[in-house]
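Student: I would like to learn how to read the features of a structure like this one. Where do we begin?

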Number of protein chains: 2
Amino acid sequence: MKLYDGGRAPNPRRVRVFLAEKGISVPLEQVDLGKLAHKAPAYAAVNPLQRVPALELDDGTIITESIAICRYFEMLHPEPPLFGVGPKDAAIVEMWQRRVELHLLFPVSHVFRNSHPAMAAMEVPQVPAWAEANKPRIAEFLDVLDTQLKDNRYVAGDRYSVADITGLCSVDFMKPAKLSVPDNLAHIKRWHAEVSARPSAQA
Amino acid sequence: MKLYDGGRAPNPRRVRVFLAEKGISVPLEQVDLGKLAHKAPAYAAVNPLQRVPALELDDGTIITESIAICRYFEMLHPEPPLFGVGPKDAAIVEMWQRRVELHLLFPVSHVFRNSHPAMAAMEVPQVPAWAEANKPRIAEFLDVLDTQLKDNRYVAGDRYSVADITGLCSVDFMKPAKLSVPDNLAHIKRWHAEVSARPSAQA
């Protein structure tokens, strides 16, 4: 088994943090996104969608999509549970994981890819107006997230979960996108400091 | 229990098709998207993100996000399995569900929302250049999907799954977005005819 990794990009980081929380070690093979190695034929043979991460199983099966990879490890190593326990809790975790992904990670990614000069070769064409259109949506979602974290220690409730991992990687990805969490959103700040202090955040 | 539904929109349809495949009946409450009822205070109290569908459990818990709702029912009613069986198969189903969602459903939605005159009040501002930027990406993914369906009866392999439901709703959503599957992609055409003929497709 090996994991095709992509350094600082948020999706590969989600999987590394998840594995660190599980205490699982998987051999990594770096794909140099800066050199567009994910678009080269060697990697396109691994993932025709030319994105990292990708997990190669011992039988040669390739699993792509960060959350699919994480859930695979959750099924093999259920402890500690990071996708919830029981139907209702699991649904709440998945709901929040997806809310954070769809309304924070992806919009932040749209801003980054459509406005950062370093992305000009990767995002063709860049659409600056689309970057701008996402900014108020990010602000709206941060308000919803702050309200959730007012009453909950973690994004999906009392237990640290994959929703926190997506949240951590999303908030940290705001920096290269030249975005930041407003200072008045104290509950996000409290939560971000707490999840950033976990050893897994260094993965 | 009741399901807040949204008529012809692709996400509510995903859940209805899923429930039909499971043979589960849930009372529906219509949210009139055409009248922006999902943005009114009554529905914002159900889902602060102002999107359908949403599932209200008997204890008042609200589950949003189509796939979180589907997985909740999968856990309550495992047969027939629509999220795969066992870690590897489940990972492959989740991978393909997400691939179709991220690289077809969402880009088609971006085209629709940023180019269709009927969406001018809902997508503010519309960014026509972003609609255009998504079109070649949709074409690229359709090629990948056609290759997958050359060797597989269904999107994620031999068994009909939630990946087919997302695929069906995505391809059918291409029509209002004024997009179509190119005629040379015969494997997608074969698969689409097959999944459209299932009774669940009428849900």
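Tutor: We begin with burial: a residue is buried if 20 or more other C-beta atoms lie within 10 Å of its own, exposed if 12 or fewer, and partly exposed in between, with C-beta atoms placed from the backbone. Helices (H or I, at least four residues) and strands (E, at least two) are DSSP runs, numbered from the N terminus. This is a predicted model, in which local features need pLDDT of at least 70 and side-chain atom pairs count only at pLDDT 80 or more, while totals for chains, interfaces and linings use all residues. Residues are numbered from 1 along each chain as its sequence is written, and chains are lettered from A and ligands numbered from 1 in the order in which they are written.

Student: Which residues of α3(A) are buried?

Tutor: Helix α3 of chain A, residues 66–76, is mostly covered, with 9 of its 11 residues buried. They are Ser66(A), Ile67(A), Ala68(A), Ile69(A), Cys70(A), Arg71(A), Tyr72(A), Phe73(A) and Glu74(A).

Student: What covers the buried residues of α3(A)?

Tutor: Contact is the idea to use here: two residues are in contact if their C-beta atoms, placed from the backbone, lie within 7 Å. The cover includes α1 (10–22), β3 (54–56), β4 and α6 (162–173) of chain A, together with α4 of chain B.

Student: Is Phe73(B) buried or exposed?

Tutor: Phe73(B), which is found in helix α3 of chain B, is buried, since 21 other C-beta atoms lie within 10 Å. Leaving out residues up to four places away in sequence, Phe73(B) touches Phe18(B), Leu19(B), Lys22(B) and Ile24(B).

Student: How do I read a nonpolar core?

Tutor: In soluble globular proteins, nonpolar side chains tend to be buried together. A nonpolar core is a set of buried Ala, Val, Leu, Ile, Met, Phe, Trp, Tyr and Cys residues joined through C-beta atoms within 7 Å. The largest one here has 105 residues, of which Phe18(A), Phe18(B) and Ile63(B) touch the most other members. With residues up to four places away in sequence not counted, Ile63(B) touches Ala91(A), Ile92(A) and Met95(A) in chain A, and Ala54(B), Leu55(B), Ala68(B), Ile69(B) and Tyr72(B) in chain B.

Student: How many residues of chain B are in contact with chain A?

Tutor: On chain B 28 residues are in contact with 28 residues of chain A. Four elements of chain B each supply at least two residues of that side: β4 (62–64), α3 (66–76), α4 (87–115) and α5 (128–151). The most comes from α4(B), with 10 residues. To sort the residues by type, Ala, Val, Leu, Ile, Met, Phe, Trp, Tyr, Cys and Pro count as nonpolar, Asp, Glu, Lys and Arg as charged, and the others, Gly among them, as polar. The side of chain B that touches chain A then divides into 19 nonpolar, 3 polar and 6 charged residues.

Student: What rotation superposes chain B on chain A?

Tutor: Two copies of a chain are related by a rotation about an axis and a shift along it. The fit is by least squares on the C-alpha atoms of residues with pLDDT of at least 70 in both copies. Here a rotation of 180° with 0.0 Å of shift along its axis superposes chain B on chain A, with an RMSD of 0.0 Å. The two copies are therefore related as by a two-fold rotation axis. Of the residues of chain B, Trp130(B) comes closest to that axis, its C-alpha being at 3.2 Å. The same surface serves both copies, as 100% of the contact residues of chain B recur in chain A.

Student: What is the strand order of the sheet in chain A?

Tutor: Two strands pair if DSSP finds at least two bridges between them. Chain A has an open sheet of 4 strands in the order β2-β1-β3-β4, with mixed pairing. At the edges stand β2 (28–30) and β4 (62–64) of chain A, each with a single partner strand, so one side of each is left without a neighbour in the sheet. Strand β1 (residues 2–5) of chain A runs parallel to β2(A), joined by 3 bridges, and Leu3(A) has Leu28(A) as its bridge partner in β2(A).

Student: Which backbone features of the loops should I look at?

Tutor: The peptide bond from Val52(A) to Pro53(A) is cis, with omega near 0°, and Pro53(A) is found in the loop between α2 (41–44) and β3 of chain A. Gln50(A), found in the loop between α2 and β3 of chain A, has a positive phi of about 60° although it is not a glycine.
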